[in-house]
Structure formats: structure tokens, C-alpha cells
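Subject: Structure handover

Hi,

Here is the structure you were expecting. Please open it next to this email and follow along.

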Amino acid sequence: MNGNIESGTIIVFVGTSGSGRKTIAHQLGKELGFQYVISHTTRPSRPKETEGKDYYFTSRQAFIEADIRGEFIQTVELDNHFYGINKADVTAALQVSPVIYVIVNRSGANKLKYEFGDKAIRIFIYVNKQLILERLQARAVSEEIIRHYMDHYIEEVSYRKDCEHVFENLDLDETKARIKESILTHLPATMS
Ligand SMILES: Nc1ncnc2c1ncn2[C@@H]1O[C@H](COP(=O)(O)OP(=O)(O)OP(=O)(O)O)[C@@H](O)[C@H]1O
Ligand SMILES: Nc1nc2c(ncn2[C@@H]2O[C@H](COP(=O)(O)O)[C@@H](O)[C@H]2O)c(=O)[nH]1
């Protein structure tokens, strides 16, 4: 393992935005007792998002200053907004649970793989572009967010070849069951 990251397993949920990553990650995290590491972001919060639950929403200046102090394990800039995972949040989460999880894009997944090595398990979740569009429209998501998801689709979907496990999320319960089974293969039997 690189850097000073303590030993522990990190489940990295990655994939195409709108494919159901958050739904699956949080439901499995709750079921299996994994601790979530909340990202920090400079993007404005969206309807129904809560500070300290979905993200830590922060100003651009505060984010940059924290980055200069070396507080982030990884950062990315997407559509003029910064996102990052704070090292102290990772440390704190690992004190609560030996298995933690994050939801990030491909560059974040790459960096976490580099830092955690074999202890990072990348779970790639996707559905086809048309299905994402239909799901977003059914939820009356804004045109701006839909465009944001669609713009990054090709870049994100091509990352699946690099991940430890890949899942198409058609039936939610079935996908969750398959992901759970895969995750458990990486953990001691006492955790199942
Ligand atoms: N298998 C499924 N079938 C139908 N709808 C689903 C399925 N899985 C998740 N959804 C729904 O799709 C929507 C998007 O899911 P979610 O927010 O979990 O996606 P995401 O990939 O985390 O997206 P984001 O990029 O916003 O983080 C939610 O309304 C969720 O309830
Ligand atoms: N590399 C990182 N990616 C992150 C982080 N937090 C969230 N994300 C990913 O960014 C996109 C856009 O998110 P949105 O909430 O604005 O739609 C999505 O793929 C997230 O999973 C992070 O800390 N690092």
C-alpha cells in the first residue's frame, strides 16, 4: 500500500452517473455495516441533497486552501466544480469500520486504487445511456443535470474494463445481491 493510509478495505463504487450507484452503495453499506466516506465539493447543492449526508458543500477558496495543505487523498475538477475525499475522513471512517466505501468518478477510483492497492475493490455499475435518460426523466431531474450525466457517459463507461467487478443494474434487488456476493469474496468469512 502506498502513502500513509492505514490498512482497511475500501469499496469504490464507480460507474456511469444515474446508474444507481448511490442507491446500491448506501443500501449495501447499511446492510453490511460499512462506513461511508462523504466527499467534499464546491458545486452547489441540488434539491433534496443534505449537507454532511450527500456531500460536504464548501467554497472554492476553502477547498483550494485545504488542497494546498495536503488534506485530500484525491481531488478532481468536473464541469468547473471541485470534488475530493479528505484523508482525515478516511482515517475516521476506518476507526469505525474496517470496511469503508466511497462513490467517485474514474479518476478518483484510479487514485484510490493506487493508494490502497489490493485493499481497494472497484465496483463498476452501469446501465445504457437510454435507460439512464428514462430514469432521470421519470424523476423530473433538471435538463442541466441530465446534460452533465450524458456528457460524461462515454468517458466513465470505458473505465469498466479496469475494475475488479462490473455490473449492469437492471433489476435493483438482483444487482445488489450479485454485488454483495462479489464484495464478500474479498472479506473474511466473519463479516458475512
Ligand atoms: N435497477 C433500477 N431500476 C430502476 N430504477 C433504479 C434502479 N436502480 C436505481 N434506480 C433509480 O435510479 C435513480 C438514480 O439512482 P442513483 O441516484 O442511485 O444513481 P447514481 O448512479 O448514484 O447517480 P448520481 O450520479 O446522481 O450519483 C434513482 O431514482 C434510483 O431510485
Ligand atoms: N474523483 C472524485 N469523484 C467524485 C467525488 N465525489 C463525487 N464524485 C463523482 O463526481 C461525479 C459528479 O458528481 P455529481 O454529484 O456532481 O453528479 C460523479 O461521478 C460522482 O460519483 C470525489 O470526491 N472524487
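Below is what turned up, taken region by region.

First, a caution: this is a predicted model.

**The annotated domain**
The UniProt record, an unreviewed entry, places "domain: Guanylate kinase-like" at residues 8–184. Over that stretch the chain is 45% helix and 24% strand. The end C-alpha atoms of the stretch are 14 Å apart.

**Strand 1**
Start with strand 1, residues 9–15. Seven of its seven residues are buried, so strand 1 is largely enclosed by the rest of the structure. Thr9, Ile11, Phe13 and Gly15 point one way. Ile10, Val12 and Val14 point the other way.

Strand 1 has parallel partners. It pairs with strand 7 over five bridges, in the parallel sense. There, Ile10 has Ile100 as its bridge partner. Strand 8 also runs parallel to strand 1, joined by six bridges. In that pairing, Gly15 stands opposite Ile125.

**The core**
The largest nonpolar core has 35 residues. Those with the most contacts inside it are Ile10, Ile11, Val12, Phe13, Val102 and Ile123. Several elements give two or more residues each, among them strand 1, helix 1 (21–32), helix 4 (106–116) and helix 8 (172–184). The largest share, six residues, comes from strand 8. As background, nonpolar side chains tend to be buried together in soluble globular proteins.

Ile123 is worth a click. Leaving aside its neighbours within four places in sequence, Ile123 is in contact with Ile11, Val12 and Phe13. Its other contacts on that basis are His165, Phe167 and Ile179.

**Around ligand 1**
Which residues come nearest to ligand 1? They are Ser17, Gly20, Lys22, Thr23 and Leu172, out of 13 around the ligand. Helix 1 gives the largest share of this shell, three residues. By type, the shell divides into six polar, five charged and two nonpolar residues.

**The open sheet**
Four strands form an open sheet in the order 4-3-6-5, with mixed pairing. Strand 4 (56–57) and strand 5 are the edge strands, each pairing on one side only. Strand 5 covers residues 72–78 and also gives two or more residues to the core. Six bridges join strand 5 to strand 6 (residues 81–86), and the two run antiparallel. Leu78 has His81 in strand 6 as its bridge partner.

Best wishes

Note on methods:
Residues are numbered from 1 along each chain as its sequence is written. Chains are lettered from A and ligands numbered from 1 in the order in which they are written. This is a predicted model: local features need pLDDT of at least 70, side-chain atom pairs count only at pLDDT 80 or more; totals for chains, interfaces and linings use all residues. A nonpolar core is a set of buried Ala, Val, Leu, Ile, Met, Phe, Trp, Tyr and Cys residues joined through C-beta atoms within 7 Å. A residue is buried if 20 or more other C-beta atoms lie within 10 Å of its own, exposed if 12 or fewer, and partly exposed in between; C-beta atoms are placed from the backbone. Two residues are in contact if their C-beta atoms, placed from the backbone, lie within 7 Å. A residue is near a molecule or strand if its C-beta atom, placed from the backbone, lies within 6 Å of it. Ala, Val, Leu, Ile, Met, Phe, Trp, Tyr, Cys and Pro count as nonpolar, Asp, Glu, Lys and Arg as charged, and the others, Gly among them, as polar. Two strands pair if DSSP finds at least two bridges between them. UniProt positions are given in the numbering used here, feature names are shortened, and annotations may be inferred rather than shown by experiment.
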